[in-house]
Structure formats: C-alpha cells, structure tokens
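Visitor: I have a model open on my screen and would like to learn how to read its features. Could you walk me through it?

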Amino acid sequence: MLAVGAVLGTSSAAAQTLATTGRAIGPGNVVVQTKFGGQIFGFDIDQNGTEGVLTEAQTLENGRVLAAVETFDQATGKILKVVKKITSKDDFITMGVVGASIGLVQREHVKGIFVDSRIYSTLNPLSANAFTGVWTPPLTKNDIIESVSRNQGTSTNAFLAFENGGSDHTFVFFSDVAANTFGTSVVLPDDPFFFANGPLVAYDSNKNRAVIAASDGAVGGPPPVIAMVDLATGKLTKFTGIAGAPPFRQGFINGLAVDSADGIACTTTEVDANVQFYNLKRKTGFSQPLPGAPGQLQSGSDVEFDPVNKLFFVAQSVSSTGNGSSIHVYDVKGHLVESLDGFNFSNAFNVVRTHIALHPSDRTGYVDGPDPGVTQLQSFTY
C-alpha cells in the first residue's frame, strides 16, 4: 500500500523539492523544435553528455517523404546538426541512446510500397554529430525490432524483434552495439508474447538477463506474464503477473522498466490504469491505480528508471492529477514521490509512442510535446 505521505498529493513534494534544490519541478521552458517541422519519429538523450537525438518526417507530394536525423543541445533545445536529410520514400526512426553515449538510428528503405531493407546507423559518440558506423544485427528484411532496452552505461542491450511473415514468432537477442557483436537469441512463446500484443523488453545488468512483459490485452482476460532470459545460457523462465480487479482487469502492457540493483520491474497496464511493481527474485508483486485514475482513459504508458536517484517514471497522457498530461514518480517500493503535471503529450497522434528520456545526474529530462502535432520535445525537472 502507499505510504500516507504519498497519498497527500503533489504540492508537498513540489514544495519540498523547491526548498531543498532551489528550483521548481515539472515542465521546463526549453522546447526542442524539429528543424523542418516534421513529426518526431523517436528521440533520446545522452545521460552522460549534453546532447540528444531525434528523427523527423513529413509527407510531401507524390508520396515522397522528407526525413531527417538531428542532434540537439539539452540545455538550450537548439538543433546542433542535421546529421542526414533525405527526400525519398525512406524514413528514419530513433531507436535510442545505448551503451556509452551511442545514438542508434534505423533507416527503412522503401522499394515500391514495401520496406525492402533496414539499415542501422550509429553515432558513436552522439557528440560526433555524424554517423560513424553501421550496426549489423543478424536479421532478415522481414525481422522487425519492436522494443529496445535503452539502458546506458552498460555495454550490452536487449532487443525484442519479430518475424513479419512466416512464423511471426517474437524473439529476444543481445548485442554490444559499440563492438557490433551479438549474443544469445531466444524465441519466445506466442502466448502471450506474440508481436500483436506489443511485448516490451528491459535489461537487468546485474543478472545479465532480458526481462520481457506482455499480456494478450483482452478485457477480463488472463493476467500478464513476465519472462526472463539469461544471456549466458539462453534459459527462459517466466511467471504470471498480477490479475486486475473485475470487471476490467488489465489490458496490454504499456510500459516496462527494471531496477537492476534491487531486482524490481515496474509495468503499466491498459484498461485498469494501474502500475505494478514486481520482485523478480521472488516472482511476486503488487498493483495499484495511478493517483486519482478513474479508468482506462488515464492509463499509463512509458516507464523509465533513474538508477542514480532510484526512481521510476510513469507517463500518463491524460492526467488524473492535473491538466493535460502528467509524469508520476515512484520509489522502488512503489510509493508515489511526486506527480509532475502540466505537460501535453499524447499517444493518440504519435507514430512512435511517448518516451520519457532522463538525465539522472542533474534530475532533468525530456518528453514529447507540447505541440499536439508531435513536432516538439519539452524539458522537465524532478
């Protein structure tokens, strides 16, 4: 259950933060605007540097697309460099900043009306403001990466992909992106990790394993499943997650993050607007509603973890504690620390879903918005 102080609301947390740090928490005044006014197709920031990366695209006449990769300054929001700009049928997607300050960007090459190949370029380091190499995972043109563990500061990342056609199986694999080397690849059971259920992956660096969460998404259906894949052996273990309360129960898993030091996973679920905390060693956990959330409209989406301050961050497109959108901050025991209100981000118009990007050392970050056309990013403090 939540501690009494956590239930009292945001104002006391905000006042305490202002008193102890000398600055207000919540949305900041720094806004990043895409260089060419296109919709953002993913972004991230370097947790150990001063820059971020985004990709944008906008449809032109005759089915052509203006697509670009850009770096920006975290302090000012200024676009620093247009790394690549193309006008064709191709597009770019930011997959994240991984490892030691490495930007990872996917280019989808389109021939006719279908994606013919996918090229994965690296900015190593991101501050080079240029493509420096190519990451070459052992994938076919029909294999699509749908989830990336965006852990920074460790050499290994986990990737979740599926075969688009044929068996349609979902599989997890590991990679040291900087070294362009690859580890274990393990096929996951279709129930419930079929790609249509939107499974998500995180990386537990202490145990050297991937953590995957999914649900079949049916209203009133079975509870979610949490799976763990050991990098060294490829062994897969799984356990049943928490069943929501009737009549709604959970829907899809919307967000996942892992605290490796304490072995805690945090997820958000659709329909019931709940957040869950799992002890991965004991394979137990608990679920609770997001603060003041009455139902599905207020469901959480992205979940991220700050390993420095040991905090989980939950994005909520339709706020249950204020106007617009909110980010709810929890400690590793599941206590609500503060609610950051007054954002404007929505999964409704995003091609790439809402993402919270954190810079833990100075307690700042970026999130999509405030432009409803998804052409901007907004800074925040916590």
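**Rings, cis bonds and positive phi**

Guide: Gladly! One aromatic cluster is made up of Y120, W135, F159, F171, F173 and F182. Please keep in mind that this is a predicted model.

Visitor: How many aromatic pairs does the structure hold?

Guide: There are 19 aromatic pairs in the structure. One of them joins W135 and F182, with 5.8 Å from centre to centre and 40° between the planes, which makes the pair tilted. W135 belongs to strand β9 and F182 to strand β13, so this pair ties together parts that are 47 residues apart in sequence.

Visitor: Is W135 buried or exposed?

Guide: W135 counts as buried because its relative accessibility is 1%. Its partner F182 counts as partly exposed, at 29% relative accessibility.

Visitor: What describes a pair of aromatic rings?

Guide: Two things do: the distance of the centres and the angle of the planes. Take F239 and Y278: their ring centres are 5.9 Å apart and their planes stand at 65°, so this pair is edge-to-face. F239 sits in strand β17 (residues 236–240) and Y278 in strand β20 (residues 274–279), so the pair ties together parts that are 39 residues apart in sequence. F239 is buried, at 8% relative accessibility, and Y278 is buried too, with a relative accessible area of 1%.

Visitor: Let us turn to the backbone. Which residues does a cis peptide bond with omega about 5° join?

Guide: That bond joins D191 and P192. P192 is placed in helix α3, which covers residues 190–193. Another cis peptide bond runs from N124 to P125, with omega near 0°. You will find P125 in the loop between β8 (114–123) and β9 (133–135). Strand β9 may ring a bell, as W135 from the tilted pair lies there.

Visitor: And what about phi? Where does N180 lie?

Guide: N180 lies in the loop between β12 (170–176) and β13 (181–187). Its phi is near 55°, a positive value in a residue other than glycine. N180 is partly exposed, as its relative accessible area is 27%. Strand β13 on one side of this loop is where F182 lies.

Visitor: What is phi of N208 near?

Guide: Phi of N208 is near 55°, again positive in a residue other than glycine. This residue is found in the loop between β14 (200–204) and β15 (209–214). N208 counts as partly exposed, at 26% relative accessibility.

Technical notes. Residues numbered from 1 in each chain as written. Predicted model: local features only at pLDDT ≥ 70, side-chain atom pairs only at ≥ 80, totals over all residues. Heavy atoms only, no water. Helix = DSSP H or I, 4+ residues; strand = E, 2+ residues; numbered from the N terminus. Buried < 20%, exposed > 50% of the residue type's maximum accessible area, 1.4 Å probe, protein only. Phe/Tyr/Trp six-rings, centres within 6.5 Å; stacked < 30°, edge-to-face > 60°.
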